[in-house]
Amino acid sequence: MTSSVRVRFAPSPTGHLHVGNARTALFNWVFARQKRGTMILRIEDTDIERSQVRYEDQLVADLKWLGLDWDEGPDIGGPYAPYRQSDRLEIYREHAERLLNDRKAYLCFCTDEELELERKLAHAEHRQPIYSGKCRALDLDESQRRRAAGEGGAIRLRIPEHAIRFHDIVRGPVEFSNEVVSDPILLRSSGMPVYNFVVVIDDALMQISHVIRGDDHISNTPKQVAVYEALGWPVPEFAHLSTILGADRERLSKRHGATSIATFREMGVLPEALNNYLALLGWAPHGGTREVFSLSELVKEFSLDRVTPSPAVFDMEKLYWLNRHYIKEAPLERIAQLALPYYTRSIVSEMARAAGVEPSEPYPWTPPPPVTDWLAKITLLLAPSVDRLDQLPEKASLIFHCDAAAALASPDNAEVLAGPNTSAVIEAFSGKILDDPEAKAHQLTPERFKTIVNEVKTEAGAKGKELFHPIRTIVTGSHSGPEFDKLIPILEEGSHLALPRHVLSVHERVEAFMHAYRT
RNA sequence: GGCGCUAUCGUCUAGGGGUUAGGACGGAAGAUUCUCAAUCUUCAAACCCGGGUUCGAUUCCCGGUAGCGCUACCA
């Protein structure tokens, strides 16, 4: 059984899908699924100057990536098609003319200059900056003649002589005095309809029951309610979602860094993390203590009337926390698969840099299965400690290259290198590795490694950091890093693989280090 | 300038006429580990201001302030 709940997400294809819109889409989607209602995607492209098809494609891709689907839309059609406003222009014109003939609207012949002057005057006199209503009293037949004669007139709605009220699920009853709402333009003199008009026509014709959107529309709502009333149509429920702000409390924009869904995807943020975080921005479950929600759990727990009206600051750290959580929770195969492009990009661009050429895209190297398996092991080892997947290559850099000279010169290692027992540890450890048959064959096992370390421990009389820091520095170039038990097999395996750049085995690392150390 | 919306730890929030004002992120400290990360434990941290109502307001009402939004023949 389907309820009569019908909601829509209605973006303008004028840019990338950003977190504010994504959150609006999410809340619409969750509400629709929860009420077993219908989710509609509608493209609001009446601004022909700024709308672009590529943005529409991008929008669709981003929504799909988030896992938010729709039941009716431009790509799949539906009973109220078309779902792209540029394909509905006739519908808008008809309704505008109807309003005009019913005397609910009138033709306005004021020029931009006149209107601009009115606004300036109102501002100077501290009055409401609304249209004077100069053309309101014009005779309709006379106006029609002027229009027919080529004097382009815009169609304006007559705002009623009473206060306009509507209900908002997140804010309660809202009332605007008619004194402060200007007679809105419905149809421009060019014949193109205006947002405040088309949105109502579409929402009404598409039987939208709940308009869930950003609160930047709240001041427009009285104009829209007036359109519903003029047309004699029922007014839907509204839910205006608060603005998402940047850390400086200003409206979130590109200036604040990553804000588009595509960017988050490229950074290796998982869609479930983003959905979860966005849901927490302005909504909390009853009790307010639970934070982790999958999309389906959200459908169960979400409640539109628990949405908070106050603006929320976007906190990247908390998103990262959720992302870490989902990275750890996800099956390794999936994470390994997602991580793969970051490694290949990194490996290839490093190769290119070494060769002195520009790295190209797509990357001219596809890792064969033994390499992908090996990279998966690296991911398993490193993924729990990254905020996002694109940090993996950086974390793994100690596997891919180990520069003994740089390690010796690094100020980070100076203290370790100067330790009282360091040289004894280095001598003992390097001697054993260089002589070890397993290590020579690049087949050193963690067990054998452990035995060697224990022998060094006794011979050099060093333990704890004194023992391990120098060993780490020899093997990885840094005194901190992942557990040896897991790292050693990765190093050894990597040294047998056909990679664009050879990965050094433990033996080779010790050799290189000692060479640099002695000179 | 006009109108509107909003106001609990740094941030996201729960709560609500009498509470030790709860949780989470981040921060600090500790435990653990050879190290970093992860993990676990602990700690610090908030009711915007002023009136009113009330025995009692952070909670209800009014005003102020601040932030944001709208103020287009943009969406």
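This report describes a sheet, a buried helix, three single residues and the surroundings of an RNA strand in a predicted model.

Local features need pLDDT of at least 70 and side-chain atom pairs count only at pLDDT 80 or more, while totals for chains, interfaces and linings use all residues. Residues are numbered from 1 along each chain as its sequence is written, chains are lettered from A and ligands numbered from 1 in the order in which they are written, and side-chain values use heavy atoms, with hydrogens and water left out.

**The sheet**

Helices (H or I, at least four residues) and strands (E, at least two) are DSSP runs, numbered from the N terminus. Two strands pair if DSSP finds at least two bridges between them. By this rule three strands form an open, antiparallel sheet in the order β3-β4-β7. The edges are β3 (105–108) and β7 (185–187); each has a single partner strand, so one side of each is left without a neighbour in the sheet. From one strand to the next the twist averages 45°. Such angles run from 0 to 180 degrees between N-to-C directions, and the axes are lines fitted to C-alpha atoms.

Strand β4 covers residues 154–157 and is joined to β3 by four bridges. Between β4 and β7 there are two bridges, again in the antiparallel sense. Which residue of β4 is the bridge partner of Tyr-106? The partner is Arg-156. Arg-156 also stands opposite Ile-185 in β7.

In a regular strand the side chains alternate between the two faces of the sheet. In β4, Ala-154 and Arg-156 point one way, and Ile-155 and Leu-157 point the other way. All four are buried, where buried means under 20% relative accessible area, exposed over 50%, and partly exposed in between (1.4 Å probe, protein chains only).

**Helix α6**

Helix α6 spans residues 195–205, and nine of its eleven residues are buried, so it is largely enclosed by the rest of the structure. The buried residues include Phe-197, Val-198, Val-199, Val-200 and Ile-201. Asp-202 and Asp-203 are buried as well. Among the elements that cover the buried residues of α6 are β1 (6–9), α3 (89–101) and the edge strand β7. Strand β8 (210–214) and helix α7 (221–231) also belong to this cover. After α6 comes Gln-207, whose phi is positive, near 60°.

**Three residues in helices**

Contact means heavy atoms within 4.5 Å. The contacts in the table leave out residues up to four places away in sequence.

| Residue | Helix | Relative accessibility | Contacts |
|---|---|---|---|
| Ser-143 | α5 (residues 140–148) | 2%, buried | Leu-107, Phe-109, Leu-138 |
| Val-416 | α17 (residues 411–417) | 11%, buried | Thr-422, His-469, Pro-470, Thr-473, His-479 |
| Thr-372 | α13 (residues 369–382) | 22%, partly exposed | Leu-340, Pro-367 |

The side chain of Thr-372 also reaches the backbone oxygen of Pro-369 at 2.8 Å. That is a polar contact, defined as a pair of N or O atoms within 3.5 Å; within protein, one must be able to donate a hydrogen and the other to accept it, and residues adjacent in sequence count only if both atoms are side-chain atoms.

Two distances, C-alpha to C-alpha, place these residues in the model. Val-416 and Leu-231 are 185 residues apart in sequence and 80 Å apart in space. Thr-372 and Pro-234 are 138 residues apart along the chain, with 59 Å between their C-alpha atoms.

**Around RNA strand B**

A residue is near a molecule or strand if one of its heavy atoms lies within 4 Å of it. How many residues surround RNA strand B? There are 65, and the closest are Ser-12, Arg-119, Gln-128, Arg-171 and Arg-188. They divide into 20 nonpolar, 22 polar and 23 charged residues. Here Ala, Val, Leu, Ile, Met, Phe, Trp, Tyr, Cys and Pro count as nonpolar, Asp, Glu, Lys and Arg as charged, and the others, Gly among them, as polar.

Helix α11 (316–329) is one of the elements that supply at least two residues of this surface. Its share, five residues, is the largest. Strand β4 of the sheet also supplies at least two.

Of the atoms of RNA strand B within 4 Å of the protein, 72% belong to sugar or phosphate and the rest to bases. A side-chain N or O atom of Ser-189 is 2.8 Å from a base nitrogen. A polar backbone atom of Gly-481 is 2.6 Å from a base oxygen. For Leu-280, a backbone N or O atom lies 2.9 Å from a sugar or linking oxygen of the RNA strand.
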